[in-house]
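Colleague: Could you walk me through this model? Start with how you label things.

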Amino acid sequence: MERICVLGLGYIGLPTAVTLALGGFSVCGVDTQSAVVEGLRAGRTSLVEPGLDEALAEALASGRLVFSRELPEADAFIITVQTPHLTQSDGTRAADLRFVEAAARDTAARLKPGNLVVLESTVPPGTCRRLETWLSEGSGLAADEFHVAHCPERVIPGRILRELAGNDRIVGARTEAAAHLACGLYRRVATGGRLRVTDDITAEMCKLVENTFRDINIAYANELSLVAEKLGIDVFRLIELANCHPRVNILTPGVGVGGHCIAVDPWFIHGLFPDDTPLVAAARRVNDQKPLRVADAVWSRLPPGARVCVLGLAYKPDVDDLRESPSLVLCHALRARGAAVAACEPHTAAAAVDGFDNIPLEAALSYDFLVLAVGHTAFEARRADIAARPHYDCVGMLAADNRS
Ligand SMILES: NC(=O)c1ccc[n+]([C@@H]2O[C@H](COP(=O)([O-])OP(=O)(O)OC[C@H]3O[C@@H](n4cnc5c(N)ncnc54)[C@H](O)[C@@H]3O)[C@@H](O)[C@H]2O)c1
């Protein structure tokens, strides 16, 4: 296992390719988007991730990392393409595996006996078995002539490089031989964490279960925020006190739940087992409704004709990722109610996002009403100025001094 091909150079694939190259492997990173490949060849990435620019420069300088639109021959192929969800005819959602299937078919064209294919993308249970079929059909090889493993990615944006090395890693495979090969590969880069070997279906479920746990817990916190508002109490203080109990750990409410993982992955379980997972669907609904409830609360406080600015569009603090952004749902909901809405997302250079002007914080501070939707450090630094304006605080930053 010396030559690795990483398919997909997004938030996960690029740091993975860089880490593998710095770990001594000879790596080819492949993406279907020419602009991504061209930019990376020139050492440029549009991803905001601490340490990534420097690590990319070091990996390129080592000569062990190249980028291409074409797959090379390799000993191992790692698939890190996106796995969004799609809405089914009954309104529920399920995994959209088209990108995984396309990556599998591309890999199959290069597959040789003895190769390892690792699926890192988050997928519903049973996908590795389908991957084997796609690879076998495309390559003409029998399933026992190559190896498939699932190593779901569990890093958090903002700490990706550190967590790639430091996190425990689930290594799931149908066969012992595949697990053994995958462990050999990850042992060289996951130097600070343990490799935990299991079967492929348990590994697939493990990632989904982790994120679904968080989604359900946040849904509870978001429900509490609605109740607390009606009671006239501070939900953040309430949760802080409840969490003093040694066996209680309620997560934090917010404007909703976004991003490519927590807002999506629960559907991969519910889509397959709708009758068995009403709780999973209810949590999704609660979290999807939250920005609309915030819009109602803000709208009821807005003086006629007031200009409102939503502070933060990213799905969590200090990242640029706008996927499944609940803040954007909030912006649209406020506009639909008749408000004049702008946004302030300091991690995005675009002058407008989804039809909303993206203005600097300095300009936002002259707006009539501010909605603090994401706890970016840039906002924390101007906490007093934000608090001095009429506002609605979804993240509990502005009154934090009143707690202990
Ligand atoms: N972003 C996260 O924080 C995170 C964390 C853990 C797990 N994951 C999972 O990792 C996977 C990847 O997520 P991401 O955020 O990196 O996605 P992304 O959208 O940032 O990147 C995916 C990349 O794959 C490329 N691609 C698509 N099809 C391809 C193909 N056939 N061949 C080569 N490249 C192809 C796309 O052009 C894109 O650049 C998803 O399953 C996601 O759920 C993401």
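Modeller: Helices (H or I, at least four residues) and strands (E, at least two) are DSSP runs, numbered from the N terminus. This is a predicted model, where local features need pLDDT of at least 70, side-chain atom pairs count only at pLDDT 80 or more, and totals for chains, interfaces and linings use all residues. Residues are numbered from 1 along each chain as its sequence is written, and side-chain values use heavy atoms, with hydrogens and water left out.

Colleague: Fine. Where is T175?

Modeller: T175 sits in the loop between β9 (169-173) and α7. Its relative accessibility is 29%, so T175 counts as partly exposed. The cut-offs are under 20% relative accessible area for buried, over 50% for exposed, and partly exposed in between, with a 1.4 Å probe and protein chains only.

Colleague: How far apart are the C-alpha atoms of T175 and P266?

Modeller: They are 27 Å apart, with the two positions 91 residues apart along the chain.

Colleague: And E163, buried or exposed?

Modeller: Buried, because the relative accessibility of E163 is 13%. E163 belongs to helix α6 (residues 160-166).

Colleague: What does E163 touch?

Modeller: R154, V155 and I156, leaving out residues up to four places away in sequence. Contact means heavy atoms within 4.5 Å. The C-alpha atoms of E163 and A190 are separated by 8.5 Å, and those two residues are 27 apart along the chain.

Colleague: On to the inside. How many residues does the largest nonpolar core have?

Modeller: It has 36. A nonpolar core here is a set of buried Ala, Val, Leu, Ile, Met, Phe, Trp, Tyr and Cys residues joined through side-chain atoms within 4.5 Å. The residues with the most contacts inside this core are I4, L20, V27, L65 and L185. Helix α7 (residues 176-187) gives the most to this core, with six residues.

Colleague: What does I4 touch?

Modeller: Not counting residues up to four places away in sequence, I4 touches L20, F25, S26, V27, C28, A74, A76, I78 and L185. Another core lies apart from that one. It holds 30 residues, including F77, L97, V100 and L208.

Colleague: I saw C28 in that list. How many disulfides does the structure hold?

Modeller: Zero. A disulfide would be a pair of cysteine sulfur atoms within 2.5 Å.

Colleague: Why is there no bond at C28?

Modeller: The closest cysteine sulfur is in C5, and at 5.3 Å from the sulfur of C28 it is too far for a bond. C28 counts as buried because its relative accessibility is 10%.

Colleague: What about C344? Which cysteine has the sulfur closest to the one in C344?

Modeller: C309, at 5.5 Å, so that pair is also too far for a bond. C344 is buried, with 2% relative accessibility.

Colleague: Now the helices. At what angle do α1 and α3 pack?

Modeller: About 45°, with the axes of helix α1 (residues 13-22) and helix α3 (residues 52-62) 9 Å apart. Axes are lines fitted to C-alpha atoms, for helices over the stretch in contact, and angles run from 0 to 180 degrees between N-to-C directions. So α1 and α3 are oblique to each other. Under 35 degrees counts as roughly parallel, over 145 as roughly antiparallel, 65 to 115 as roughly perpendicular, and the rest as oblique.

Colleague: Which residues meet there, in α1 and α3?

Modeller: L14, P15, V18, A21 and L22 in α1 meet L52, A55, L56, E58 and A59 in α3. The crossing of α1 and α3 is left-handed. That means the near helix is turned anticlockwise from the far one by less than a right angle; clockwise would be right-handed.

Colleague: How do α4 and α5 pack?

Modeller: Helix α4 (residues 98-108) meets α5 at about 40°, and their axes are 8 Å apart. So α4 and α5 are oblique too. The crossing of α4 and α5 is right-handed. Among the residues in contact, V100 and A104 are on the α4 side, with W134 and L135 on the α5 side.

Colleague: And what is the angle between α5 and α8?

Modeller: About 125° between helix α5 (residues 127-139) and helix α8 (residues 200-231), with 8 Å between the axes. That makes α5 oblique to α8. T127, C128 and R129 in α5 meet D200, I201 and E204 in α8.

Colleague: Last one. What is the phi of D318?

Modeller: Positive, about 65°, although D318 is not a glycine. D318 is in the loop between β11 (307-311) and α12 (326-336). E324 is found in the loop between β11 and α12 as well, and has a positive phi of about 55° without being a glycine. D318 is partly exposed at 32% relative accessibility, and E324 is partly exposed at 39% relative accessible area.
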